[in-house]
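The exercises below invite a reader to work through one protein structure step by step. Each task is followed by a solution that can be checked against the structure itself.

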Amino acid sequence: MAPRRPAELYRAPFPLYTVRLHPQRPLAITAGGGGAAKTGIRNGVHFLQLEQIGGQLSASLLHSHDTETRATMTMALADDIIAAGQDASCHILRFRLQPPEARGGGGSDGRNGSGEKGPRRRKGPSPAGQGDTQSQSSEVTVESLHSVRTDFSPDALQKAVRFNADGSLLVTGGADGFLRLWEFPSMKKTLEFKAHDGEIEDIALGPDNKVVTAGRDFQCCVWQQDQLVTGLRWNENLPGIPDKAYRYQACRFGAVEDDAGALRLYTVQVPHKRERRPPPCYLTKWDGKNFLPLLTRPCGSEVISCLSISDSGTFLGLGTVTGSVAIHIAFSLQRLYYVKEAHGIVVTDVAFVPESRGGRELLAGNEAALLSVAVDSRCKLHLLPSRRSLPVWLLLLLCAGLIVATILLLQLAFPGFL
């Protein structure tokens, strides 16, 4: 049976390009905008409170942070710190959530001390969270800490940003092909080198601060500082696919279910040229230590635009340039969930609801939940119901019954069998 159409969780007043979920709080952060063009479309970062209302996951706007003429295209989250890629720069923001009982008096105009728009209040729940919040919601304040230029190409654009595991290092990449490493929180640049001939599409940080970069130059590289560890070759066991027929679109590290010490790297390969009969895109799973390919599978002919991994490493989330959303099993790379054209236009980012205690409460019995955002200004919710499995005792009972039935059949067919 095909999955139901995904619920519209939130609709912003501008195109959405990125979404992140806080690992410990019921909070989604999504951002975008119309850029510097004088079209009347604003730019901002929206903080959404996630909660279960009437058995359904709901989102309501806690705070709208104005980013002036800059649209946020990429974003990384480390605790209460946001690294937002805006044009040629990375802007570092710190946000704080103040519970209702801890709020000060304040004015009656609904604005905080920085002059930014605070939470709009409503009476009772609203189904789709169209910008209102309940009066018991927390209040968000946002402080700008740093702004550093991270790209120096003629058409400068920061395209990727990542924190390392402990939040002490920030890595950026963009249109000029340079990888830049920044010490955090000082934002002192510690390393800068040319990683690709052309744009860097994506970045993943692995163990020992190894950095994986996917570029538009057909290369996916593993770096230790500025030294090339290895270049990945996803098609080395697929001789029928030329080297420059595909390029790397995305890369992510993920945990391995039931193996705490292991890591896997996942990459997405998309066709370099568009054809009348589009060839398939491919998913590849790699060993996270020696970077040898473990499995490659096609994942449909729609061009993949974004990739996310669930906390446990069980699922992969994919968005496409035609608005579709899919969830794959990480172990086998098989597709488990698919909604064609869930959005009316390119899906710009996807993110799984965290698997922390708070995240499990939001899942409400579902095995996974994926948020997708797109240029159509919508944030949609994709639920993966729990896959029912038989108890072990019942499986053993069925096996015993099957063995007895087999013996009886053999006795009937061959009277002297036993």
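**Exercise 1. Decide whether Lys189 is buried, partly exposed or exposed, and find its charged partner**.

Solution. Lys189 has a relative accessible area of 35%, and since partly exposed covers the range between 20% and 50%, Lys189 counts as partly exposed. This value, like every other one here, comes from a predicted model. The partner of Lys189 is Glu192, for the two side chains meet in a salt bridge with 3.4 Å from N to O.

**Exercise 2. Follow Glu192 to Arg180 and work out what their salt bridge ties together**.

Solution. Begin with the distance: the closest N and O atoms of Glu192 and Arg180 are 2.7 Å apart, and the two residues form a salt bridge. Next, place the residues, with Glu192 in strand E15 (residues 188-194) and Arg180 in strand E14 (residues 178-183), so that the pair ties together parts twelve residues apart in sequence. Finally, look at the surroundings: Glu192 is partly exposed, at a relative accessible area of 37%, whereas Arg180 is buried, at 2% relative accessibility. For the wider setting, a search of the whole structure finds 18 salt bridges, and elsewhere Lys159, Glu199, Glu201 and Arg216 are linked in a network of such bridges.

**Exercise 3. Classify the aromatic pair of Trp234 and Tyr282, and say where its two residues lie**.

Solution. A pair of aromatic rings is described by the distance of the centres and the angle of the planes. For Trp234 and Tyr282 the centres are 5.1 Å apart and the planes are 40° from each other, which makes the pair tilted, as an angle between 30 and 60 degrees requires. Trp234 sits in the loop between E19 and E20, while Tyr282 belongs to strand E22 (residues 282-287), 48 residues away in sequence. Trp234 is buried at 5% relative accessibility, and Tyr282 is buried at 15%. Ring pairs also join Tyr246 to this picture, linking Trp234, Tyr246 and Tyr282 into a cluster.

**Exercise 4. Do the classification again for Phe253 and Phe291**.

Solution. Here the centres are 6.3 Å apart and the planes stand at 75°, and the pair is edge-to-face, the angle being over 60 degrees. Phe253 lies in strand E20 and Phe291 in the loop between E22 and strand E23 (293-298), so this pair ties together parts 38 residues apart in sequence. Phe253 is buried at 15% relative accessibility, and Phe291 is buried at 6%.

**Exercise 5. Identify the residues with the most contacts inside the largest nonpolar core, and examine the surroundings of Leu50**.

Solution. The largest nonpolar core has 22 residues, and those with the most contacts inside it are Leu9, Leu21, Leu50, Val353, Leu371 and Cys379. Among the elements that each supply at least two residues of this core are strand E1 (7-11), strand E4 (43-53), helix H1 (357-363) and strand E30 (378-384). Leaving aside neighbours within four places in sequence, the residues in contact with Leu50 include Leu9, Leu21, Pro26, Leu57 and Leu362. A second, separate core has 16 residues, including Ala204, Cys220, Trp234 and Leu265.

Key
Residues are numbered from 1 along each chain as its sequence is written. This is a predicted model: local features need pLDDT of at least 70, side-chain atom pairs count only at pLDDT 80 or more; totals for chains, interfaces and linings use all residues. Side-chain values use heavy atoms; hydrogens and water are left out. A nonpolar core is a set of buried Ala, Val, Leu, Ile, Met, Phe, Trp, Tyr and Cys residues joined through side-chain atoms within 4.5 Å. Buried means under 20% relative accessible area, exposed over 50%, partly exposed in between (1.4 Å probe, protein chains only). Helices (H or I, at least four residues) and strands (E, at least two) are DSSP runs, numbered from the N terminus. Contact means heavy atoms within 4.5 Å. A salt bridge is a side-chain nitrogen of Lys or Arg within 4 Å of a carboxyl oxygen of Asp or Glu. Rings of Phe, Tyr and Trp (its six-membered ring) pair if their centres lie within 6.5 Å; planes under 30 degrees apart count as stacked, over 60 as edge-to-face and the rest as tilted.
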